[in-house]
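Let's take a walk through this one together, a stop at a time. Have the coordinates open and follow along.

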Amino acid sequence: EASGPSETHAGWTDFYVVQSGSATLLVGGKLTGSRLDAPGEMRGTGVEGARKVELQAGDVVNIPPGTAHQVVVAPGKPITYLIVKVKKAS
């Protein structure tokens with residue numbers, strides 16, 4: 001129902017599986033206003049220089065470790081998606 005924060009993860013890959021609705025995924029580029037949120041996880045206020053990818057039901061997206069990303073939801077256009085986090089091999 002609302003946009004999430006921008007983020008990057010050092011130790012895992014995110015797989016997004018879109019179940020319904022639509023949104024714009026900002027991916028790549030650099031976090032703006034970044035801060036350490038948890039070990040290995042940076043959160044920010046946006047993503048500068050990102051590529052825009054339109055998400056819709058049925059899409060599956062792989063976001064590798066260290067890649068800035070943010071899901072931007074248009075007002076009144078909710079999205080439902082599952083996130084599977086896969087830890088990077090040591």
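## A stroll from strand β2

Start with Thr-24, which you'll find in strand β2. Before going further, keep in mind that this is a predicted model. Is Thr-24 buried or exposed? Its relative accessible area comes out at 18%, and since buried means under 20%, Thr-24 counts as buried. What does its side chain do in there? The side chain of Thr-24 makes a polar contact with the side chain of Glu-54, at 3.0 Å. Setting aside residues up to four places away in sequence, Thr-24 touches two runs of residues: Lys-52, Val-53 and Glu-54, plus Gln-70, Val-71 and Val-72. So Glu-54 turns up both as the polar partner and in the list of contacts, as you'd expect from the 4.5 Å contact cut-off.

Now go to the other end of that strand. Strand β2 covers residues 12-27, and Trp-12 lies in it. Which residues does Trp-12 meet, once neighbours within four places in sequence are left aside? They come in three groups: Pro-39, Gly-40 and Glu-41; then Ile-63, Pro-64 and Pro-65; and then Lys-85, Val-86, Lys-87 and Lys-88. Take Lys-87 from that last group: it is 75 residues from Trp-12 in sequence, yet the two C-alpha atoms are 4.2 Å apart. There is a polar contact as well, between the side chains of Trp-12 and His-9, at 3.3 Å.

Lys-85, another of the contacts of Trp-12, brings us to the charged pairs. How many salt bridges does a search of the whole structure find? The count is four. One of them joins Lys-85 to Asp-14, with the closest N and O atoms 2.9 Å apart. This pair ties together distant parts of the chain, as Lys-85 sits in strand β10 (residues 79-87) and Asp-14 in strand β2, 71 residues away. The two partners differ in exposure: Lys-85 is partly exposed at 46% relative accessible area, whereas Asp-14 is buried at 0%.

Next, look at Arg-43, which has more than one acidic partner to show you. Arg-43 forms a salt bridge with Asp-37, the closest N and O atoms being 3.3 Å apart. The side chain of Arg-43 also meets that of Glu-41 in a salt bridge, at 2.5 Å from N to O. You've already come across Glu-41 among the contacts of Trp-12. How exposed is each member of this trio? Asp-37 is partly exposed, with a relative accessible area of 40%, and Arg-43 is partly exposed too, at 21%. Glu-41, at 9%, counts as buried. Zoom out a little and Glu-7 joins in: Glu-7, Asp-37, Glu-41 and Arg-43 are linked in a network of salt bridges.

For the last stop, move to a loop. Ala-50 lies between β6 (46-48) and β7 (51-56), and at 24% relative accessibility it is partly exposed. Which residues does Ala-50 contact, neighbours within four places in sequence aside? The list is Leu-26, Val-27, Gly-28 and Gly-29. Gly-29 is 21 residues from Ala-50 in sequence, with 4.5 Å between their C-alpha atoms. That brings you back to where we began, as Leu-26 and Val-27 fall within the residues 12-27 of strand β2.

Conventions: Residues are numbered from 1 along each chain as its sequence is written. This is a predicted model: local features need pLDDT of at least 70, side-chain atom pairs count only at pLDDT 80 or more; totals for chains, interfaces and linings use all residues. Side-chain values use heavy atoms; hydrogens and water are left out. Helices (H or I, at least four residues) and strands (E, at least two) are DSSP runs, numbered from the N terminus. A polar contact is a pair of N or O atoms within 3.5 Å; within protein, one must be able to donate a hydrogen and the other to accept it, and residues adjacent in sequence count only if both atoms are side-chain atoms. Buried means under 20% relative accessible area, exposed over 50%, partly exposed in between (1.4 Å probe, protein chains only).
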